[in-house]
Structures are given as C-alpha cells and as structure tokens.
There are 2 protein chains.
Amino acid sequence: MTDVDVLALDNQVCFALYAANRAVTARYRPLLKTLNLTYPQYLVLLVLWEADGAGVRVRVSDLARRLRLDTGTLTPLLKRLQVRHLVRRIRSDQDERVVVITLTDSGRALREQARTVPGQLLGGSGLDPARVAALRDELKSLLQSLEDADETSVR
Amino acid sequence: MTDVDVLALDNQVCFALYAANRAVTARYRPLLKTLNLTYPQYLVLLVLWEADGAGVRVRVSDLARRLRLDTGTLTPLLKRLQVRHLVRRIRSDQDERVVVITLTDSGRALREQARTVPGQLLGGSGLDPARVAALRDELKSLLQSLEDADETSVR
DNA sequence: CGCTGATAGATTGCGCACAATATAATTGTT
DNA sequence: AACAATTATATTGTGCGCAATCTATCAGCG
C-alpha cells in the first residue's frame, strides 16, 4: 500500500466513523424522543439500570469511566435528569468528594419503556444482525487498541 | 436473548460507534491543534482542498451534502474559518440564494501542513491496514443502508 | 404580472464534548 | 500535627450538531 493510500485510508475511516455515528444516533432520536431522552442521557440510564439490577452504587466517576465522558459533560446532564426526577445526586457520607447517582422510581420505571428501543432500531433497518455484531466487535477492538496505546504512552 | 442483554451497554453497536468515534477524533485533536483546526473544520477543508484541485465551485449545500451536516453547523464554522482568512464566503451573482466557499491563499497553503496529519493516526497505532480498510467498508455500507432507508421512508 | 411553492442559507436555542481551571476532601509523608 | 500530593466533582468557555423557524430568492404557472 502506498503512502497516499494510507493517508487517504485514515481520512476515510475516520470520516466513515464520524458520519455513521451521527446517522445511527439520528436513527435513535425519534425513538428516544418519546421518552424525552437524548442519546447520551439514554446511555447514562443504561449504566444506571444495569447497576441497579446488580445492586451496585454508581458514582459520577463510574459513569465517566464507563461512557468515556468527563464531568463537564456529565454534571449538567445529570442535573437535567435530576430536575426531571429520574435520578438523585447524593454526596457520599464516607467520602464527601464522591457524588452517588441513584435512580428514582420514575427513573426505574422508564426502563420498561426503553426495552423496545433497541429492537426498533436495527430490526426496522433490514440490516444483518450478524454483520452488525461483527462491526460492533471490530469497533470495540479499535477502541481498545486506541486506549491501550494511550495508557502506554502516558507511562 | 433476555431483555437484560438487549439493554446492556456492551452489547450495543451504537455505543461502540459513539465511543470509537470520540476516541479517534481525540487522537486527531493534538495533531490538528498544531494547525489550530477542529476535526469538523479539517473535514470542511479536506472537501475544499479536493475541489480546489479539480477546479470545482463549492457551495454551502455541497459541504452539507458531503459531510452530512446542516447549515446550523456549517454557517458558524465557515464564519470562523473566514475570520481566520482561510476561506471566503461569496454570494453567487447568478443565484443570490447561493453562497460559494473559496479557499484563500492561506487556506490553500495549510494543505501542505495538513499532509502529515493522517499518517500519524492509525499508521502509528500498530493497527492492521487491511482490517482498517474492512472497517471503513462496513461503516460506509452501514451509512448507505441507513440513508437508503431514510430515502424510501420519505417517499 | 402576480401568486404559489420550492430552495438556499441564516438565526436561535438547547444539549452535548472537552479543555482548562477551581474547590473541596482525602491520603501520604515527614 | 503540618503540609504536599492526589482524588472527585464542579465551573467556565468554546465549538459543534441539530431542530425549528425565518428571510430572501428563484421557478413555474395562470
């Protein structure tokens, strides 16, 4: 492969990622609109629902690590969910630096309405589930590679 | 598959896409920082550089179509590039609704500095070019499927 | 010509993303 | 105990990304 090809490939794959990501979240938008949620808010709730079922306490930093977001994104997002009484933000007694996020009953109840969301997405798109799963695994692998590289370069 | 699996964060392609996209653009950021560009600004310039070489006029709507962005994103972005004298925004004489975007000499010159950007990205990450190319093709195919579905649903 | 509908772009407003910085609490060290 | 370093979250500011709305222009048609 020539240098030119490598340069072009970089641009192509990054743009493909950029465009595909927006196309997919655009596909989510009308579905989540019925729950009055944005896509990042939905992701936060996915983590909270999962932890709630397992009886695990979720701190802001847990959400940050799981979703690869920082507090500049999460704090205002969580405040908006709090205003809507979907979550509570409670400062920990043991360590007063920590804020624990818990679901309210409304937040817990929203899970039932959200159950139908994933199915309506790819199900209604005529996309091959096996190919989609393979793509997901490639993306996870790519993410892992990038994060591993960051780790080692920092040390 | 149980309901729990469907809502599990790790099982979602969309999250993999979302996280991988941000990881890749984060990888671009320090490189583009040396040119004082953001990733969307860089994408706009890629289109302009390409059209400039081919002697093609680029309208705002051309950028919107190519990059899948709307004017609410593009207009302020282009104004910022204009303030920095990288592009000109000229309203067409033939059709006064149209705004044509042209490169200034500085904007054209920036292309040389940008040449080294892509190679440093995935090339320096020890990722297999063939796998990256396959990923690009899958993403393009996904994007195409989603856009085709939108087309038909509109009619 | 005057009207209607379509088209191109701009504007406003909201919600992310993220860098940079700040604040407060905790831990480690001496 | 005093203090430096670390950790957890919050705040501020900038730039997307997109929905909704607006203005101006153009094209078609009686």
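**Exercise 1. Buried or exposed: which word fits A:Tyr28 and A:Tyr39?**

Solution. Both A:Tyr28 and A:Tyr39 are buried. The term means under 20% relative accessible area; over 50% is exposed, and partly exposed lies in between (1.4 Å probe, protein chains only).

Some ground rules follow. This is a predicted model, in which local features need pLDDT of at least 70 and side-chain atom pairs count only at pLDDT 80 or more, while totals for chains, interfaces and linings use all residues. Residues are numbered from 1 along each chain as its sequence is written, chains are lettered from A and ligands numbered from 1 in the order in which they are written, and side-chain values use heavy atoms, without hydrogens and water.

**Exercise 2. Describe the fold of chain A.**

Solution. Start with the count: chain A has seven helices and three strands. Both are DSSP runs numbered from the N terminus: helices (H or I) have at least four residues, strands (E) at least two. Read in order from the N terminus, the elements are α-α-β-α-α-β-β-α-α-α. Next, the extent. The C-alpha trace of chain A spans about 60 × 45 × 25 Å along its principal axes. Then burial. Chain A has 155 residues, and 44% of them count as buried. Last, the contacts, meaning heavy atoms within 4.5 Å. Take those in chain A between residues at least 6 apart in sequence: 50% join residues at least 24 apart.

**Exercise 3. How is chain B related to chain A?**

Solution. Two copies of a chain are related by a rotation about an axis and a shift along it. Here the turn is 179 degrees and the shift along the axis is 0.2 Å, which lays chain B on chain A with an RMSD of 1.2 Å. The two copies are thus related as by a two-fold rotation axis. The fit is by least squares on the C-alpha atoms of residues with pLDDT of at least 70 in both. Now check the interface. Of the interface residues of chain B, 84% are also interface residues in chain A, so the copies meet through the same surface.

**Exercise 4. Find the aromatic partners of A:Tyr39 in A:Tyr28 and B:Tyr18.**

Solution. Fix the rule first. Rings of Phe, Tyr and Trp (its six-membered ring) pair if their centres lie within 6.5 Å; planes under 30 degrees apart are stacked, over 60 edge-to-face, and the rest tilted. This rule gives ten aromatic pairs over all chains. The ring centres of A:Tyr28 and A:Tyr39 are 4.9 Å apart with planes at 45 degrees, so this pair is tilted. A:Tyr28 sits in helix H1 of chain A and A:Tyr39 in helix H2 (residues 39-54) of chain A, so the pair ties together parts that are eleven residues apart in sequence. A:Tyr39 also pairs with B:Tyr18, edge-to-face, at 5.5 Å centre to centre and 80 degrees between the planes. That pair crosses between chains, since B:Tyr18 belongs to helix H2 (residues 13-33) of chain B. B:Tyr18 is buried, as is A:Tyr39. One aromatic cluster is formed by A:Phe15, A:Tyr18, B:Tyr28, B:Tyr39 and B:Tyr42.

**Exercise 5. Which residues come nearest to DNA strand C?**

Solution. A residue is near a strand if one of its heavy atoms lies within 4 Å of it. DNA strand C has 28 residues around it, and A:Thr38, B:Tyr18, B:Thr75, B:Lys79 and B:Arg89 come nearest. Look at the DNA side: 76% of the atoms of DNA strand C within 4 Å of the protein belong to sugar or phosphate, the rest to bases. Now the polar contacts (N or O atoms within 3.5 Å). B:Tyr18 places a polar side-chain atom 2.3 Å from a phosphate oxygen of DNA strand C. For B:Lys79 the distance from a polar side-chain atom to a phosphate oxygen is 2.6 Å. A:Gln94 uses a polar backbone atom, 3.4 Å from a phosphate oxygen.

**Exercise 6. Which atoms of DNA strand D meet A:Thr71 and A:Arg89?**

Solution. For A:Thr71, a base nitrogen of DNA strand D is 2.9 Å from an N or O atom in the side chain. For A:Arg89, a phosphate oxygen of DNA strand D lies 2.5 Å from a polar side-chain atom.

Conventions:
Polar contact = N/O pair within 3.5 Å; in protein donor to acceptor, adjacent residues only side chain to side chain.
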